[in-house]
Amino acid sequence: MIQLLFTVLAAEAGMAVVLLFKTPLRKLAMLALDRLKRGRAPVMVRTVAATVLVVLASSLHSMAKIHGHAGAGELDAPGALSPTDQVLLARHLLEASLMGYILFLALVIDRLHSYIREMRVLKKNLEAVSKQNKSLEEAKSGRSDESKPHHNDIASLNEEIKKLKLQLKGKAEEAKDAEAKALAAQTQSEGLARKYDRLLEDNKHLHEQLQSGDISLSRSDGKKNA
C-alpha cells in the first residue's frame, strides 16, 4: 500500500515538474491531460479521488482509535502507547500524509493545466490583436487622410492589448504560486520517504525485540517445568 502511494506521489511530482518548465515534454503532458479531461475519464478520476478520501478517513479513524485505547488506560501506564501501537500509529500517519499529498498534487496539476491553457489562449489573442494593430498603424502611415476614422479602433485595440497583458500577468503570477506549492509538496514527499525508511527500521527492531522476548519467556517456562 505504501509503495503504491509512493509510486503515485512520485508520478504526480514528475508531472508537476514537467508542467513547470517549457520543454517538449510539457506539450505531451498537456495533450495527455487534455485527453484525460474528456469522455468518461473525469468520472474515473473523481471515483479514484473519492476512494482515496475514504481510505484517508479510515486511516485517521484508526489513529484516533489507537489514541483512544491509550487514553482509556488499557496499558499499565494510562496514556502511553505500546511499541506495536507506536508502529501502527506511525504507519497510519505516513499513509494519511501520502494520500493527502497525492490529493494536493492532483489539485496543483489540474490548476497548472488550466493556467497554461488560459495563458496560451491569451497569448494567441494578444498576437492577433497586435497584428491587427500593426496593420492599422501601417495603413495610417501610408494613408494619413484615409486613416483618421481608424483612430478610435486603434485606441480601443491598445486598451484591449493592455487588458490582455494584465490578464496574462495575473495568470503568470498564479502559475508561479502553483509551481511553488508543487515544489514544496515534492520536498515534503522526499521527507516522507526518509521517514518511511526509519519506520521500517523501527519495525525491524520491534520484531527482533518481540522475538527475543518470546525466547526468554520460553526458556524461563522450561526452567520452571524442570
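In the predicted model, the side chains of Arg117 and Asp34 meet in a salt bridge, with an N to O distance of 3.9 Å. Because Arg117 belongs to helix 4 and Asp34 to helix 2, this pair ties together parts of the chain that are 83 residues apart in sequence. The two partners are covered to unlike extents: Asp34 has a relative accessibility of 18% and, falling under the 20% limit, counts as buried, whereas Arg117, at 45% relative accessibility, counts as partly exposed. When neighbours within four places in sequence are left aside, Asp34 is in contact with His113 as well as with Arg117.

The pair formed by Arg117 and Asp34 belongs to a set of six salt bridges found in a search of the whole structure. Another is formed by Asp110 and Lys37, whose closest N and O atoms are 2.7 Å apart. Since Asp110 is located in helix 4 and Lys37 in the loop between helix 2 and helix 3, this pair ties together parts that lie 73 residues apart in sequence. Asp110 is partly exposed, with a relative accessible area of 25%, and Lys37 likewise counts as partly exposed, at 36% relative accessibility.

A salt bridge within helix 4 joins the side chains of Glu95 and Arg91, with 3.6 Å between N and O. These two residues are four positions apart in that helix, so that about one helical turn separates them. Glu95 counts as buried at 9% relative accessibility, while Arg91 is partly exposed, with a relative accessible area of 34%. Elsewhere, salt bridges with shared partners connect Lys37, Asp110 and Arg111 into one network.

Both Arg91 and Glu95 also appear among the contacts of Ile2, which, not counting residues up to four places away in sequence, touches Arg91, Leu94, Glu95, Leu98 and Tyr196. Ile2 is part of the largest nonpolar core, a set of 19 residues in which Ile2, Phe6, Leu94, Leu98 and Tyr196 have the most contacts. At least two residues of this core are supplied by each of helix 1 (2-20), helix 3 (41-71), helix 4 (83-142) and helix 5 (151-225). The largest share, seven residues, comes from helix 4.

With regard to the overall architecture, the protein contains five helices and zero strands, and follows the pattern α-α-α-α-α when read along the sequence. Of its 226 residues, 27% count as buried, and the accessible surface comes to about 15400 Å², of which 58% belongs to carbon and sulfur atoms. Among contacts between residues at least 6 apart in sequence, 78% join residues at least 24 apart. On the surface, Leu25, Leu28 and Leu31 make a nonpolar patch of about 320 Å²; of these residues, Leu31 lies in helix 2 (residues 24-36), the helix in which Asp34 is also placed.

The unreviewed UniProt entry carries the annotation "transmembrane region" for residues 6-22, 43-64 and 98-116. In the model, the span of residues 6-22 is 88% helix and 0% strand, and its end C-alpha atoms lie 26 Å apart. Residues 43-64 are 100% helix and 0% strand, with 32 Å between the end C-alpha atoms.

Terms used:
Residues are numbered from 1 along each chain as its sequence is written. This is a predicted model: local features need pLDDT of at least 70, side-chain atom pairs count only at pLDDT 80 or more; totals for chains, interfaces and linings use all residues. Side-chain values use heavy atoms; hydrogens and water are left out. Patches are made of residues with over 30% relative accessible area and no salt bridge: like charges are joined within 9 Å, nonpolar side chains (Val, Leu, Ile, Met, Phe, Trp, Tyr) within 5 Å. Accessible areas come from the Shrake-Rupley method with a 1.4 Å probe; for residues, only the protein chains shown count as cover. A salt bridge is a side-chain nitrogen of Lys or Arg within 4 Å of a carboxyl oxygen of Asp or Glu. UniProt positions are given in the numbering used here, feature names are shortened, and annotations may be inferred rather than shown by experiment. Buried means under 20% relative accessible area, exposed over 50%, partly exposed in between (1.4 Å probe, protein chains only). Contact means heavy atoms within 4.5 Å. A nonpolar core is a set of buried Ala, Val, Leu, Ile, Met, Phe, Trp, Tyr and Cys residues joined through side-chain atoms within 4.5 Å.
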